[in-house]
Amino acid sequence: MDAIAPACSMLPRLLITGYYNVDTVRVTGGSVVSHMPGGSAFHAALSASHFVRPAMICRVGNDLPEAHHQLLGRLDIDVSAMAREDVPSNEWIGAFNPDTGKVRCTRFIWHHPGPDAIPGHLRDIPYLFLGAQRPKYQNRILFSLPDRNVATLDCHLGWIHRERMILLGMLPSLTALILTDAEAGALFKRTNVSDMISETHEQGVPVSIIKHGALGATFSYQGELRFTPAYRVSRVADPVGAGDTLAGGFMGALVQEGQFDSDGYLNAFLHGMAMSSFNVEGHGPYGVLYHWSPEEFRQRLQWFWDHLS
């Protein structure tokens with residue numbers, strides 16, 4: 001792929017489900033950045049919109065700032081399935097320590113659940129990313145689309161502990177599973193990354209992506225393991241949403257290219273890694289929006305190809 005494509009209504013569309021929150025991040029020894037748009041669906045859709053036109057299926061509160069909606073409109077993200085609830089927005093509050101590179105959620109104020117259905121006018125879209133939310137709802141959405149071609153899932157550690165059996169039941173119907181090493185370890189009750197990947201494939205999932213935070217990520221297609229380190233940016237402002245950005249870039253590039261084989265999935269993975277590297281350079285959506293140009297994207301994508309092992 002020579003350049004990142006501008007979003008426009010004529011491009012193929014991708015279904016993205018999950019949370020759309022209002023985020024607050026406290027940086028150790030620094031500032032507090034509040035009232036940012038965030039959540040699994042938001043970050044994934046923002047990333048994917050640079051490749052295809054995504055449709056974002058989520059629920060939002062009655063206090064979500066108008067500027068957030070205007071941003072989605074500028075990016076040509078389909079919000080026809082965004083349901084506004086008569087309650088406040090979900091709030092994610094976390095802390096980032098630049099010295100350790102670690103982010104932790106200190107509080108999640110849950111006013112409304114994530115989506116649990118796909119509206120009829122969107123059910124002909126065969127590409128689906130199930131962003132992190134309650135597996136009970138992910139399961140309903142997955143099996144409401146019998147004609148899907150590609151389905152990718154991400155999930156958070158807390159939900160894995162609570163609804164592990166639901167997730168395991170979904171695996172044979174997935175194309176790709178994107179988890180951190182801690183999440184995959186909890187799902188499969190394994191401590192070795194190779195064993196986690198083997199379990200993923202044994203459950204019928206052809207593509208496994210294991211995220212290692214600041215160290216990089218491992219990709220596998222049917223047992224062919226590849227690893228890439230993380231791109232070393234000059235300053236990590238805030239890594240919140242980096243994993244969702246990787247997933248959105250992966251799915252967006254995959255759908256845009258339309259190559260659903262080993263090379264196509266690997267290419268999409270590296271596009272996702274490149275998008276994720278921009279995410280960490282700004283708070284909330286601002287890294288992906290303002291910290292790159294098409295030429296910088298090409299350079300980073302080439303860097304990931306050069307460092308692939």
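**Exercise 1.** Which residue in β6 is the bridge partner of Asp 23?

*Solution.* Let's start with the strands of this predicted model. Strand β2 covers residues 21-27 and strand β6 covers residues 91-97; the two pair in the parallel sense over six bridges. Within β6, Asp 23 has Trp 92 as its bridge partner.

**Exercise 2.** Place β2 and β6 in their sheet, and find the edge strands.

*Solution.* The sheet is open, has four strands with mixed pairing, and runs in the order β3-β2-β6-β7. Pairing on one side only marks the edge strands, β3 (32-38) and β7 (102-109). On average, neighbouring strands here are turned by 25 degrees against each other, direction ignored.

**Exercise 3.** Work out what span helix α9 (residues 262-279) should have, and compare it with the model.

*Solution.* Take the 18 residues of α9 and allow 1.5 Å a residue, where the expected span uses one less than the number of residues. That gives 26 Å, and the end C-alpha atoms are 26 Å apart, so the two agree. As for its surroundings, 16 of the 18 residues of α9 are buried.

**Exercise 4.** Find out which helix or strand gives the most to the largest nonpolar core, then follow Phe 250.

*Solution.* This core has 53 residues, and those with the most contacts inside it are Tyr 20, Met 56, Phe 250 and Phe 269. Helix α9 gives the most, with nine residues. Now leave aside the neighbours of Phe 250 within four places in sequence: its contacts include Tyr 265, Ala 268, Phe 269 and Gly 272, and also Ile 178 and Val 207. A second, separate core has 33 residues, among them Leu 15 and Ile 118.

Note on methods:
Residues are numbered from 1 along each chain as its sequence is written. This is a predicted model: local features need pLDDT of at least 70, side-chain atom pairs count only at pLDDT 80 or more; totals for chains, interfaces and linings use all residues. Side-chain values use heavy atoms; hydrogens and water are left out. Buried means under 20% relative accessible area, exposed over 50%, partly exposed in between (1.4 Å probe, protein chains only). Two strands pair if DSSP finds at least two bridges between them. Axes are lines fitted to C-alpha atoms, for helices over the stretch in contact, and angles run from 0 to 180 degrees between N-to-C directions. A nonpolar core is a set of buried Ala, Val, Leu, Ile, Met, Phe, Trp, Tyr and Cys residues joined through side-chain atoms within 4.5 Å. Contact means heavy atoms within 4.5 Å.
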